[in-house]
Amino acid sequence: MKYVATVEVRMTSSRLPGKPLMKSGSKSMLEHLVARLKRADNIDDIVIATTHNDSDLPIVDLAKNLKLKYFCGDESNVLSRVIGAAESVNADVIVEITGDCPLIDPGIIDQLIDIHKNNDAHYVSNAHIRSYPDGMDVQIFSLDTLKKSYSMTNEPLHLEHVSLHIRENPQIFRQINIVAPKELYWPELGLTLDEESDFILIDKIFDHFDQLEPNFNCLDVINFLKNNNKLVEINKGVVRKGDT
């Protein structure tokens with residue numbers, strides 16, 4: 001089974017336009033994300049799932065420069081875009097990652113892939129039940145599962161949010177939802193790149209660890225922020241989608 005990370009990314013965020021190419025140190029947010037994905041032992045390939053829009057040509061150019069595979073699809077129909085991206089690299093299983101998670105933990109990804117491999121489940125995730133810091137989200141499902149879901153709905157929300165139809169139908173799709181262990185439990189912590197204040201915090205995290213331990217993980221970030229708790233205040237006021 002070929003496990004492929006699909007990275008959904010575009011430049012036209014309403015709250016922080018151009019965020020994939022904002023730089024921390026010498027690397028853009030997307031480059032940081034890809035570098036971390038490459039450290040996951042269980043990922044066989046990576047494909048950037050962007051759009052046909054001219055505004056996303058810089059993402060395509062970056063993918064080419066990094067010798068990454070990419071797929072351009074519909075901006076609004078993210079479900080079809082992820083399917084197309086997965087098909088373009090002959091994926092069997094999709095490891096869905098969004099482009100606003102540059103701090104994603106390769107170890108968490110590997111753990112969830114192991115769970116998917118060893119259980120008869122259509123959907124494995126640590127994102128549906130919020131327990132990990134926001135920004136450590138991983139969702140895993142086979143390409144066949146996603147195609148089945150797509151064949152059953154044309155609701156706009158289902159097309160925009162890739163796994164929503166799957167999650168809403170546990171009687172059809174067997175699901176395993178992972179809850180964080182005690183040391184990683186911090187559901188209120190925002191490590192996603194949604195607004196300018198998020199970038200400020202993420203930049204400080206990368207600046208700290210890139211000088212010390214580039215292979216840092218989620219626990220390292222949690223310990224760093226607990227020891228420097230004023231940093232958590234930087235983006236504390238950001239309202240995340242789904243929080244209202």
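Arg10 counts as partly exposed, at 30% relative accessibility. The model in view is predicted. Arg10 shares a salt bridge with Glu75. The structure holds 13 salt bridges. This briefing covers some of them, then turns to helix 3, strand 1 and a few single residues.

**Arg10 and Glu75**

- The side chains of Arg10 and Glu75 meet at 3.1 Å, N to O.
- Arg10 sits in the loop between strand 1 and strand 2 (23-24), and Glu75 in the loop between strand 5 (69-73) and helix 3, so the salt bridge ties together parts that are 65 residues apart in sequence.
- Glu75 is partly exposed, because its relative accessibility is 28% and the partly exposed class runs between 20% and 50%.

**The network around Arg15**

- Arg15 is partly exposed, with a relative accessible area of 31%.
- Arg15 forms a salt bridge with Asp194, and the closest N and O atoms are 3.7 Å apart.
- This pair links distant parts of the chain: Arg15 is in the loop between strand 1 and strand 2, while Asp194 is in the loop between strand 9 (175-177) and helix 8 (196-210), 179 residues apart.
- Asp194 counts as buried, because its 9% relative accessibility is under the 20% cut-off.
- Glu195 also forms a salt bridge with Arg15, with the closest N and O atoms 3.2 Å apart.
- Here too the pair links distant parts of the chain, with Glu195 in the loop between strand 9 and helix 8 and Arg15 in the loop between strand 1 and strand 2, 180 residues apart.
- Glu195 is partly exposed, with a relative accessible area of 26%.
- Through shared partners, salt bridges join Arg15, Lys19, Asp194, Glu195, Asp198 and Arg240 into one network.

**Helix 3 and helix 5**

- Helix 3 covers residues 78-88 and helix 5 covers residues 143-151.
- Their axes come within 10 Å and cross at roughly 150 degrees.
- Helix 3 is therefore roughly antiparallel to helix 5, a label used for angles over 145 degrees.
- The crossing of helix 3 past helix 5 is left-handed.
- On the helix 3 side, the contact is made by Leu79, Ser80, Val82, Ile83, Ala86 and Glu87.
- On the helix 5 side, Leu143, Leu146, Lys147 and Tyr150 take part.
- The residues of this contact divide into 7 nonpolar, 1 polar and 2 charged.

**How helix 3 is covered**

- Helix 3 is mostly covered, with 8 of its 11 residues buried.
- The buried residues are Val78, Leu79, Arg81, Val82, Ile83, Gly84, Ala85 and Ala86.
- Their cover includes strand 1, strand 4 (45-51), strand 5, strand 6 (93-98), helix 5 and helix 6 (156-160).

**Thr6 in strand 1**

- Thr6 lies in strand 1, which spans residues 3-8.
- Thr6 is buried, because its relative accessible area is 0% and the cut-off is 20%.
- Leaving aside residues up to four places away in sequence, Thr6 touches Val47, Val82, Ala86, Ile94, Val95, Glu96 and Ile97.
- Among these partners of Thr6, Val82 and Ala86 are also buried residues of helix 3.

**Helix 1 and helix 2**

- Helix 1 (residues 29-37) is mostly covered, with 7 of its 9 residues buried.
- Met29, Leu30, His32, Leu33, Val34, Arg36 and Leu37 are the buried ones in helix 1.
- Pro58 belongs to helix 2, which runs over residues 57-65.
- Pro58 counts as partly exposed, at 33% relative accessibility.
- Pro58 and Asn154 are 96 residues apart in sequence, and their C-alpha atoms are 30 Å apart in space.

**Positive phi outside glycine**

- Lys67 is not a glycine, yet its phi is positive, at about 60 degrees.
- Lys67 is found in the loop between helix 2 and strand 5.
- Lys67 is exposed, because its relative accessible area of 74% is over the 50% cut-off.
- Asn90 follows helix 3 and has a positive phi near 55 degrees.
- Asn90 is found in the loop between helix 3 and strand 6.
- Asn90 is exposed as well, with a relative accessible area of 61%.

Key
Residues are numbered from 1 along each chain as its sequence is written. This is a predicted model: local features need pLDDT of at least 70, side-chain atom pairs count only at pLDDT 80 or more; totals for chains, interfaces and linings use all residues. Side-chain values use heavy atoms; hydrogens and water are left out. Axes are lines fitted to C-alpha atoms, for helices over the stretch in contact, and angles run from 0 to 180 degrees between N-to-C directions. Helices (H or I, at least four residues) and strands (E, at least two) are DSSP runs, numbered from the N terminus. Angles under 35 degrees count as roughly parallel, over 145 as roughly antiparallel, 65 to 115 as roughly perpendicular and the rest as oblique. A crossing is left-handed if the near helix is turned anticlockwise from the far one by less than a right angle, and right-handed if clockwise. Contact means heavy atoms within 4.5 Å. Ala, Val, Leu, Ile, Met, Phe, Trp, Tyr, Cys and Pro count as nonpolar, Asp, Glu, Lys and Arg as charged, and the others, Gly among them, as polar. Buried means under 20% relative accessible area, exposed over 50%, partly exposed in between (1.4 Å probe, protein chains only). A salt bridge is a side-chain nitrogen of Lys or Arg within 4 Å of a carboxyl oxygen of Asp or Glu.
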